[in-house]
Every structure is written in C-alpha cells, then in structure tokens.
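Here is a friendly walk through one protein model, from its overall build down to single residues. Please keep the viewer open as you read.

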Amino acid sequence: ANTDLFGLPSYRKYGFVRAEDESESVSKSLEYAYDDWCIAQMARAMGEDGIADVFDRRAESWRNVINPETGFATPRLNGDWIADFDPRQVNNHFTEANSWQYSFVQHAQGGARSDAELEKRLDDFFTAGEQTTGRTQSDITGLIGQYAHGNEPSHHIAYLFNHANKPWRTQYWVREILDTQYSTLPDGLSGNEDCGQMSAWYVLSSIGFYSMNPASGNYEIGSPIFEKTTITLSEEKTFIIEAINVSDKNKYIQSATLNGKTFNQTTISH
C-alpha cells in the first residue's frame with residue numbers, strides 16, 4: 001500500500017488516482033480504498049491502532065471519486081470531474097466495466113446517503129437498458145439492466161438491498177440471477193470463471209448467504225434454493241441450513257432462527 005506502483009503515489013498525494021497519472025484511475029482509486037479498509041481491520045485486530053487509524057482515514061478516499069451531484073464514480077482530470085460524463089461508457093478509466101458497475105462502494109454499504117437513495121439507485125441499476133456505450137469489452141456479459149453478472153465488479157450489488165432495508169429485493173434479484181445466469185449446458189456460466197468466482201457466487205447464493213464484503217466477517221442473507229444444506233466445518237462440527245417450504249415461488253424469507261434465537265437481521269457474523 002505504500003509502494004509506488006500503479007498510481008499509488010497519486011492516490012496517496014491527492015486522495016484519488018488522477019486520470020492523467022494512471023489508466024483505470026477510478027477503479028484503482030476504489031480498489032485502493034477498499035484495500036486500505038481491509039488493512040485497517042487487520043491492524044485493529046492485531047492491536048496496531050495507530051496503523052489502523054491511518055488506513056481507516058485512507059479508506060474514506062472512495063468519496064473523492066464519487067461525484068456528489070450524480071452519485072456516480074467519475075474520473076478526475078487535473079482535479080476536476082471529467083466533462084460530459086456517461087456512466088454507461090466503457091473506457092480506460094475503469095477496469096472491465098463502467099461507472100454504473102463501479103459506483104456501489106463495497107465497504108461503505110453502497111455509498112448512498114440514505115436507505116431511500118440506495119434503494120432507488122439499485123432499482124435504476126437493475127432496470128436500466130442493457131446497452132453500454134464506448135469501447136467493446138468482452139468481459140461485460142450477463143447483463144440485467146446495467147448489472148453485469150459475467151464480471152466480478154457487480155457480484156456484491158444484489159445484496160446491497162439488505163442495506164437499504166429492503167431484504168426482499170435482495171431475495172428477488174438473487175433468485176433472478178441464479179435462475180437466468182447459470183445452466184448445466186457447456187456455456188452455463190455467463191462470464192469468465194476467474195479463479196472460480198462465478199461458481200463460488202452460485203454455491204454461496206444457492207445455500208442462502210454471501211460474503212458481500214469478505215474482510216468484514218459478515219454474511220448477507222439471500223434466498224436459498226435447497227430445503228437443507230449441511231456444511232462440514234470440522235470432524236466435530238457442521239453448519240446446517242434449513243429452508244422450510246422453499247420452492248421456486250416461495251423464495252422470500254419471513255424469519256430466521258440461529259442457535260435457537262429468532263431474528264430479523266439481514267447479516268450474520270462469522
């Protein structure tokens with residue numbers, strides 16, 4: 001994080017990677033902010049509070065590439081927002097994606113100022129036209145609106161409805177993705193497998209939860225497709241998920257019980 005590779009000097013100096021200093025500047029700014037957040041969590045757990053404080057502050061750098069007037073992650077040239085910006089455009093400011101797909105900040109629960117704003121932006125995201133502009137990018141596949149399941153930058157976004165206090169919307173879209181973006185045919189994945197991530201999303205989501213922000217240790221509750229799943233944790237321990245009366249139509253969770261206690265939270269802690 002303190003080396004001089006890939007635009008990091010620009011990021012440390014300005015709080016974001018300037019477009020004139022490095023290609024894919026917006027994606028790298030957001031990636032570095034998330035990486036800094038992860039470093040802060042690890043440092044805090046190790047009792048290194050001084051290091052954690054430094055990286056917690058750096059983790060807020062995502063704010064410097066989200067244009068407050070539009071809510072979109074936007075390149076900055078000479079410090080100013082780039083003019084006539086199109087969030088659908090695929091260009092060299094983003095890595096294998098566009099601004100729509102990069103604007104939902106992972107460690108800031110979407111980065112919106114309110115539940116209502118986050119819900120509206122998510123609804124707009126999933127219902128927008130599927131057409132992108134700019135250059136052709138073979139990785140942007142599996143489109144539902146501007147959501148691109150065929151590429152990993154979108155993979156956490158369906159679970160953000162939980163953070164807009166609309167968990168049934170997460171459950172709806174997770175089931176929609178499971179049903180439409182996978183099959184048992186040779187082309188059964190809607191995009192690049194990339195170290196197993198496409199399959200990992202399916203496995204986790206199909207049993208009912210997902211690590212939207214992996215370094216947090218929390219798992220978002222989604223919509224399981226199996227009546228019962230048993231995960232072997234060790235020779236002595238298993239974790240059993242039972243979805244009573246689950247079906248293609250009966251996909252919404254009314255309540256959940258964990259260790260004998262009924263709760264209505266949308267996340268469970270590892």
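The report below starts with the whole chain and then turns to cores, helices and loops.

## Overall build

This is a predicted model, with seven helices and 13 strands in the protein. Its C-alpha trace spans about 55 × 50 × 35 Å along the principal axes. A compact globule with 270 residues would have a radius of gyration near 18 Å, and the protein, at 19 Å, agrees with that.

Buried residues account for 44% of the 270 residues. The exposed surface of the protein comes to about 14200 Å², with carbon and sulfur atoms supplying 49% of it. If you look at contacts between residues at least 6 apart in sequence, 54% of them join residues at least 24 apart.

## Two nonpolar cores

Which residues touch the most other members of the largest nonpolar core? Among its 24 residues, they are Phe104, Leu122, Phe125, Phe126, Tyr147, Ile157 and Trp201. Three elements give two or more residues to this core: α5 (115–127), α6 (167–180) and α7 (197–207). Apart from it lies another core, made of 17 residues and including Trp62, Ile66, Phe94 and Tyr102.

Phe104 is a good place to zoom in. Leaving aside residues up to four places away in sequence, Phe104 touches Gly110, Leu118, Arg121, Leu122, Phe125, His156, Ile157 and Leu160.

## Helix α5

The 13 residues of α5 should span 18 Å at 1.5 Å a residue, and the end C-alpha atoms of α5 are indeed 18 Å apart. Its buried residues are Leu118, Arg121, Leu122, Phe125 and Phe126. Because they cover an arc of only 125 degrees around the axis, they sit on the same side of α5. The general rule is handy here: an α-helix has 3.6 residues a turn, so residues three or four places apart point the same way.

What covers the buried residues of α5? The cover includes α4 (99–102), β5 (143–144), β6 (147–148) and α6. On the face turned away from the buried side, α5 carries the exposed residues Ala116, Lys120 and Thr127.

## Helices α6 and α7

Helix α6 has 14 residues, which should span 20 Å at 1.5 Å a residue; its end C-alpha atoms are 20 Å apart, in agreement. Pro167, Thr170, Gln171, Trp173, Val174, Arg175, Ile177 and Leu178 are buried in α6. The elements covering them include α5, β5, β6, α7 and β8 (218–221).

In α7, the buried residues are Met198, Trp201, Ser205, Ser206 and Ile207. They pack against β6, α6, β7 (209–210), β9 (228–232) and β10 (238–242). Just after α7 comes Gly208, with a positive phi of about 120 degrees.

## The loop between α6 and α7

Leu189 is found in the loop between α6 and α7. Its relative accessibility is 34%, so Leu189 counts as partly exposed. Not counting residues up to four places away in sequence, Leu189 touches Gln181, Tyr182, Met198 and Ser199. Met198 is also one of the buried residues of α7.

How far apart are the C-alpha atoms of Leu189 and Lys166? They are separated by 28 Å, with the two residues 23 apart along the chain.

## Ser27 in helix α2

Ser27 lies in helix α2, which runs over residues 25–45. Is Ser27 buried or exposed? With a relative accessible area of 4%, Ser27 is buried. Beyond residues up to four places away in sequence, Ser27 touches His93, Phe94, Thr95 and Tyr102. Phe94 and Tyr102 are among the members of the 17-residue core.

## Positive phi outside glycine

Two loop residues are worth a look for their backbone angles. Asn78, in the loop between β1 (76–77) and β2 (80–81), has a phi near 55 degrees, a positive value in a residue other than glycine. Asn78 counts as exposed, because its relative accessibility is 60%.

Glu96 has a positive phi of about 55 degrees, although it is not a glycine. The place of Glu96 is in the loop between β3 (89–90) and α4. At 30% relative accessibility, Glu96 counts as partly exposed.

Conventions. Residues are numbered from 1 along each chain as its sequence is written. This is a predicted model: local features need pLDDT of at least 70, side-chain atom pairs count only at pLDDT 80 or more; totals for chains, interfaces and linings use all residues. Side-chain values use heavy atoms; hydrogens and water are left out. A nonpolar core is a set of buried Ala, Val, Leu, Ile, Met, Phe, Trp, Tyr and Cys residues joined through side-chain atoms within 4.5 Å. Buried means under 20% relative accessible area, exposed over 50%, partly exposed in between (1.4 Å probe, protein chains only). Helices (H or I, at least four residues) and strands (E, at least two) are DSSP runs, numbered from the N terminus. Contact means heavy atoms within 4.5 Å. The expected span of a helix is 1.5 Å times one less than its number of residues. The arc is that of the directions from the helix axis to the C-beta atoms. The radius of gyration is taken over C-alpha atoms; the globule rule is 2.2 Å times the number of residues to the power 0.38. Accessible areas come from the Shrake-Rupley method with a 1.4 Å probe; for residues, only the protein chains shown count as cover.
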